[in-house]
Each structure stands twice: as structure tokens, then as C-alpha cells.
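Trainee: I would like a close look at a single part of this model, with the terms spelled out as they come up. Please take it slowly and keep the pieces connected.

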Amino acid sequence: MSKSLLEQLPGIVAAGKRQAVQILEQLEGRNRVSLQTRELVIPSKDRGGFNFWGNDGADASEMPNRLIYGDNLLAMAALLAGDEEAPSLRGKIDLIYIDPPFDSKADYRTKITLPGTTIDQKPTVLEQFAYSDTWADGTASYLAMIVPRLILMRELLSETGSIYVHLDWHVGHYVKLVMDEVFGKEHFRNEVVWHYRRWTAGSSRYQNMHDTLFFYTKSDRYTFAPVEVDATDSQQAVLDKGYNVNVVNSSAGKIRQLLVYDRDKVNALVAAGKLDTSKYGRIVYIDRSKTVAPDVWTDIQFLHSQAHERTDYATQKPEKLLERIIDASCPEGGLVADFFAGSGTTAAAAEKRGRRWIVSDLGKPAVMVTRKRLIDQDAKPFLYQAIGDYQMEQARSTLGRSFRVGDLAKVVLDLFGALPLPPEENVNGSLGRLPGTRILVYADSPSRLTTISTLKRAQGYRDVKMGGFDKVVVLGWNFSAGIGQDINDLNDPNLEVLVIPPDLLDRLKKKGADRLASDVRFSSLQYLQAEVVARTTDGERESLAVSLQNYVLLSPEAINLDQANRAKLQDVMNSEPLALIEYWAVDPDYDGEVFRSVWQDYRGNTENDGDELRVVTTAVLDLPQADGPRTVCVRAVDVFGFESEVVISGVEVQP
């Protein structure tokens with residue numbers, strides 16, 4: 001007979017603690033997780049004339065806010081570890097709000113509307129496997145997912161910090177027990193009920209009309225500013241009759257209540273010596289139209305389909321909800337984090353309330369929506385980052401912490417159908433050949449980006465190994481954004497570059513290499529074409545015009561689509577390839593390291609042309625005049641989250 005969830009819970013918590021301890025022990029080692037900055041986003045929304053060099057108000061000494069793509073367990077490990085550019089955030093975060101998934105039957109597939117059609121995309125392979133892991137054994141596996149994450153969140157919280165965990169009836173009561181264990185039952189402050197109204201059909205039970213937020217603090221010394229809300233008619237009637245009024249005990253600093261009727265009566269009592277205010281401290285008169293927020297919130301509405309802030313993200317929460325939490329539990333200028341960012345509501349609310357923020361999500365649609373949302377509200381410059389060594393962390397999890405890159409290369413070559421070269425000809429076990437052919441196969445390491453240098457190295461191996469081969473196939477995990485352009489520039493028909501499936505390590509862990517051999521598909525890449533069409537000067541300013549020329553999605557088979565939706569995609573690819581661009585940005589002075597986007601456009605931004613389904617194809621930037629040639633970088637993200645890049649060097653001023 002299988003154990004009940006209550007019987008499993010102690011083991012789940014113990015295993016989660018061991019996992020968290022292991023992560024914390026590795027923060028200082030050579031295998032520590034790092035974050036890779038993909039973009040410094042300087043919001044300008046396609047308007048031109050934006051001058052980051054002097055009038056944006058950014059403080060260079062302050063670490064920019066951060067939007068992180070990747071597994072939040074790895075993201076938190078990286079934030080705890082810190083790096084050369086950003087110190088560890090251990091004990092530095094003032095407020096954490098999370099809204100983790102809590103419906104095992106939810107289907108968060110993405111509907112992508114393109115000109116003339118709608119494509120129904122299932123979650124990406126990484127999202128699918130993360131979600132299937134979360135619910136593999138129902139609530140038990142969900143709790144196994146959440147325990148180590150809550151422990152790392154506690155490590156990130158400051159001593160005066162707070163955490164709000166947003167759940168509903170599916171798993172809320174189980175997570176409450178876990179939080180008592182992680183944060184201490186004595187640090188449980190409130191169970192907040194968010195009651196909302198929404199239309200539902202008839203049911204054989206009471207309708208579900210509320211979510212629950214569990215409010216915990218790290219210690220007894222925490223930030224909390226009581227939030228005032230509009231008093232109801234009945235509450236105001238009580239105040240008008242003169243019942244309880246808040247007073248502050250000056251010696252203990254705690255709020256107490258004193259029965260009074262009105263200000264004049266209290267003043268008269270004090271003047272007559274009939275009321276000893278030293279016993280209570282200073283009397284604080286409250287606005288009779290306001291009252292301190294209770295633990296049941298009925299004044300914040302569920303987001304309806306026509307709400308102004310709606311992003312069409314399935315689990316989006318209203319900004320007013322987050323603003324209340326931030327106002328109550330994060331000091332001015334404090335740092336807020338959300339590790340299940342979703343549509344980016346926490347970041348949007350923190351930005352508006354003058355707080356710093358860090359948010360992360362594993363879903364590509366989530367980070368795409370969040371980035372656009374923040375640009376749309378003219379946020380301060382922020383970093384878009386990714387887990388620097390995601391595949392390495394997955395490899396350690398699958399093959400053990402002491403695995404060798406050569407071991408993984410052998411598995412990849414075997415799945416591709418290649419036989420390893422003799423040891424004396426093999427480089428770190430990364431080279432193989434397809435039986436019966438003169439085709440060399442090179443499996444790159446998950447610990448580095450596959451770049452043009454990698455491709456040239458592979459060409460060299462092709463020419464010299466075992467007397468030379470006719471062709472070389474490069475298999476890579478992570479690619480530089482401009483790899484498509486690099487492949488095109490090399491113009492080598494005897495070089496092929498393929499993508500190792502990003503979910504391969506998860507599938508190895510679950511099925512094993514033998515059962516995977518017939519299922520694994522290696523995909524090709526995508527290629528963006530863009531050019532600078534004009535660079536002219538006018539006094540101390542100059543104008544730079546950049547135009548998108550073409551976009552080729554070289555790996556449609558890597559997208560999780562059924563046959564009908566794949567046919568729709570092919571039609572759009574053939575008729576209007578630039579309609580696949582979701583977001584693109586320009587860095588007019590690319591240094592080869594950090595992409596600084598000072599111009600952006602994206603689908604849904606209608607300030608320029610009123611077309612919600614297409615980006616504008618020409619960017620016109622108004623910039624300070626620069627001496628000498630410019631190096632311009634153009635980056636694009638398509639509707640499926642694939643990134644590509646074009647670097648245009650030596651751009652001179654035109655006469």
C-alpha cells in the first residue's frame with residue numbers, strides 16, 4: 001500500500017533540504033552557476049531621439065533591475081553566488097512574492113496570432129519537462145519542487161524581509177506546512193484571502209472565488225507599513241460613533257487602540273488632566289474614510305478580458321494586488337523579487353512604486369511578455385539575462401557531479417549515429433564519423449557557446465583528421481546569437497550546423513540513451529538579414545537608419561507544433577517571413593560583449609504604425625554624433641522565442 005501524502009511529507013522536506021544544502025555548498029566552487037547578460041534594455045519604444053548617454057537618469061553605480069530566463073533554482077543559485085560584476089544577494093532582498101503554478105490540469109499553451117492565421121503552440125520542450133516533473137506524482141512532486149526553492153528564497157531574504165506565496169485550494173494547505181518548516185511557524189504573519197468576483201457557470205459545489213496568500217517574515221524584526229483602504233459604510237458608521245482609534249505606544253513602538261469619540265473631546269480630556277496620554281503614547285487620529293486593510297481583500301478585482309493592463313497571459317494578476325503587497329512590506333528603494341514572473345506584474349508594480357526588482361521565469365513567452373510590458377511603461381534600463389551554463393547544470397544532475405564532457409559527447413555522438421574516432425585522433429572524445437561515409441561529426445561542449453571560432457576549428461578537423469573528410473557536421477548546445485550570419489558568411493557547403501535538442505538531458509534521465517535513439521531530432525538554426533540603409537549627420541546629432549531584410553526560420557521542426565499548425569507556419573514563412581519577428585532592437589555602438597538596445601519595436605506596439613501583428617521593418621535612430629565608423633548590432637526574437645543577430649561593422653557617415 002502506497003504512503004499517504006502526509007506520510008511522504010517528512011521525506012520530501014528532508015530531500016529538499018539536502019538539495020538546497022548541496023546548492024549552497026557549491027556557491028564558491030568552480031562549478032558555481034552564473035548569469036549571462038543577453039541585453040541591456042534601455043526602453044525607447046521605437047520613438048527615436050532617445051539619448052541614453054546623459055538624460056535617462058540612470059545611476060551607473062546601481063545594479064540595473066534584472067529579468068532572468070531559466071530555471072529559478074539555478075537563477076537563485078547564481079544570485080546567491082554573485083560574480084565579478086554583481087555581488088551576492090544573500091540576505092539582500094527585502095520582499096519576495098511568488099505565484100507558482102497550482103493547477104495540475106492547466107494547459108498553458110500559447111496562441112500566436114499571425115497575419116491571416118493563428119498558430120496554437122504547446123509549451124517548449126524545457127517548459128514541458130519542467131512542468132511534467134512538477135506534477136509527475138501529483139502534489140508530492142509539486143512539494144518536492146517547491147521545498148528547495150523556498151529554502152533558497154529564505155537565504156536571499158534580508159533579516160527584515162518578507163515573503164508572500166500566492167496559491168489556491170489545490171496545494172495551499174500543503175505548502176503552508178512546508179513554509180512553517182522552512183520559515184518557522186512563529187514567523188507566520190497572515191493568511192490573506194484575495195476574494196474576487198468572476199463569471200462562472202452553474203456548479204454542483206460552492207464556486208471558487210478566492211486565492212490565498214501566505215505572509216511570512218524571516219525574523220521578528222521586519223518591515224511592515226499598514227496599508228489603508230476605503231472604509232465600508234458600516235466601518236465608517238462605527239468610526240463616526242467614536243469607537244476604537246489607533247494610538248502609538250512611544251516606549252514600545254507598538255500600535256494600540258484607545259476608545260475615543262472625536263478630536264475635540266480627547267483634547268478637552270487631556271487639557272483637564274482626565275486622560276493620561278503617557279500611558280498610551282501619542283494619539284494618532286485616523287481618516288474616518290479609511291481603515292487599515294484587513295486580511296480579506298475584497299476591493300481588488302480579478303482582471304477581466306478588457307482590462308487596460310491585460311497582456312493575454314493566462315495567469316496574470318492585477319497590478320493593484322502587487323502594489324498593496326509592495327507598499328506594505330518593501331521599504332522605499334528596496335529590492336523585490338519574483339521567481340515565477342509570469343506576465344511580469346511584480347516587476348511592473350515595483351517599477352511604478354519606486355522599488356528595485358529581479359524577476360525570473362522558465363517560460364520563453366513569460367520573459368517576452370515581461371520585456372515588452374516594461375518597455376511599454378518606460379521602465380528604467382534593465383538587464384535581460386540567462387543561465388550561463390544551463391546545460392552543464394543539467395548534465396551534472398543527469399550524469400553526476402563528476403561527469404566529464406567527453407562522456408556526454410560520446411552519448412550525443414551515439415544518438416546521432418556516429419562512431420567515435422580512434423583515441424589518438426579524438427579531441428576530448430568529441431569527434432566521430434558516420435559509418436560508411438566520409439562525414440566527420442563534432443559534438444561541442446555544453447559548457448561554452450558554439451561560435452564562428454568553433455566552426456573554423458571544425459573545418460580544420462575535417463581537413464586533417466584521418467587523412468581528411470568530405471564534410472563536417474557540428475552539433476551544438478548553446479550558440480552565439482549571430483551564428484546564422486556566421487554560417488552564411490563562411491559559405492561552406494561541406495559544413496553543417498545542427499542543434500542538440502535542449503531537452504536531451506531531461507529525456508536521458510527519464511528514458512535512457514537506448515530508448516531515445518529513434519526519437520531524437522537534431523535541428524538547424526535561424527538566420528536574420530538586416531542592413532544599415534543610411535547614416536547622416538546634422539550638427540552635433542546624427543541619424544542612423546537600419547532595415548530588416550529577411551528572416552529565415554531554419555529549424556521549424558524544433559517547434560512543438562502539430563501537423564496542421566506546422567502547415568500554417570510554413571505558409572507564413574513563404575509569404576511574409578518578417579511577420580514572424582516578435583521583437584527587435586538595435587545597438588548602434590556594439591562592443592562585442594554587452595548588447596545595449598537603445599531602440600526597440602515589437603508586435604503590439606502601435607504608437608508608430610497601428611499594426612498589432614507586425615513590427616516596423618526600419619528603425620531610425622537619432623544619436624549623438626560619433627567620430628569614425630560605427631559597429632551596429634541588430635537582434636531579433638521571433639514569435640517562438642528564437643533569437644538571432646546581425647553585426648554590421650564599419651558603418652561610415654554618408655556624404
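In which sense, and over how many bridges, do β3 and β6 pair?

Mentor: β3 and β6 pair in the parallel sense, over five bridges, where two strands count as paired if DSSP finds at least two bridges between them. Before going further, please keep in mind that this is a predicted model, in which local features need pLDDT of at least 70 and side-chain atom pairs count only at pLDDT 80 or more, while totals for chains, interfaces and linings use all residues. Residues are numbered from 1 along each chain as its sequence is written, and side-chain values use heavy atoms, with hydrogens and water left out.

The strand names, like the helix names, refer to DSSP runs numbered from the N terminus (H or I over at least four residues for helices, E over at least two for strands). Strands of a sheet pair through backbone hydrogen bonds, either parallel or antiparallel. Within the pairing of β3 and β6, the bridge partner of Leu95 is Ser162 in β6. On β6 there is also a pairing with β8, in which six bridges join the two strands and the direction is antiparallel; here Val165 has Phe214 of β8 as its bridge partner. β6 is mostly covered, since nine of its 11 residues are buried, buried meaning under 20% relative accessible area, as against over 50% for exposed and partly exposed in between, with a 1.4 Å probe and protein chains only.

β3 is also joined to β14, by two bridges, and these two strands run parallel, with Leu95 standing opposite Val336 in β14. From β14 the pairing continues to strand β15 (residues 356-361), in the parallel sense and over four bridges, and there Leu335 has Arg356 of β15 as its bridge partner. Both faces of β14 are covered, with Leu335 and Ala337 buried on one side and Val336 and Asp338 buried on the other.

These strands belong to an open sheet of 11 strands with mixed pairing, whose order is β13-β7-β8-β6-β3-β14-β15-β2-β16-β1-β27. Its edge strands are β13 (296-297) and β27 (596-597), each of which pairs on one side only. Further along the same order, strand β2 (residues 65-69) and strand β16 (residues 382-387) run parallel and are joined by five bridges, and Leu67 stands opposite Tyr384 in β16.

Helices lie against this sheet. α4 lies across β3 and β6 and runs at about 155° to β6, the axes being lines fitted to C-alpha atoms, for helices over the stretch in contact, and the angles running from 0 to 180 degrees between N-to-C directions. Helix α8 (residues 319-329) packs on the sheet as well, touching β3, β6, β7 (188-195), β8, β13 and β14, and its direction makes about 155° with that of β3.

The side chains in this region bring us to the largest nonpolar core, which has 53 residues; those with the most contacts inside it are Ile96, Leu143, Leu150, Met153, Ile163, Met179 and Phe339. A nonpolar core is a set of buried Ala, Val, Leu, Ile, Met, Phe, Trp, Tyr and Cys residues joined through side-chain atoms within 4.5 Å. The elements that give two or more residues to this core include α4 (139-156), β3 (93-98), β6 (157-167), β8 (210-217) and β14 (335-338), and α4 gives the most, with 11 residues. Leaving aside its neighbours within four places in sequence, Met153 is in contact (heavy atoms within 4.5 Å) with Met76, Ile96, Ile98, Ile163, Phe339 and Phe340. Apart from this core lies another, of 41 residues, among them Ile325, Ala347, Tyr384 and Val637.

Tyr384 and Val637 appear again around Arg371, which has its place in helix α10 (residues 364-376). Not counting residues up to four places away in sequence, Arg371 touches Glu39, Val41, Leu67, Phe382, Tyr384, Tyr583 and Val637. Arg371 counts as buried because its relative accessibility is 4%. The side chains of Arg371 and Glu39 are joined by a polar contact of 2.8 Å, that is, a pair of N or O atoms within 3.5 Å, where within protein one must be able to donate a hydrogen and the other to accept it, and residues adjacent in sequence count only if both atoms are side-chain atoms.
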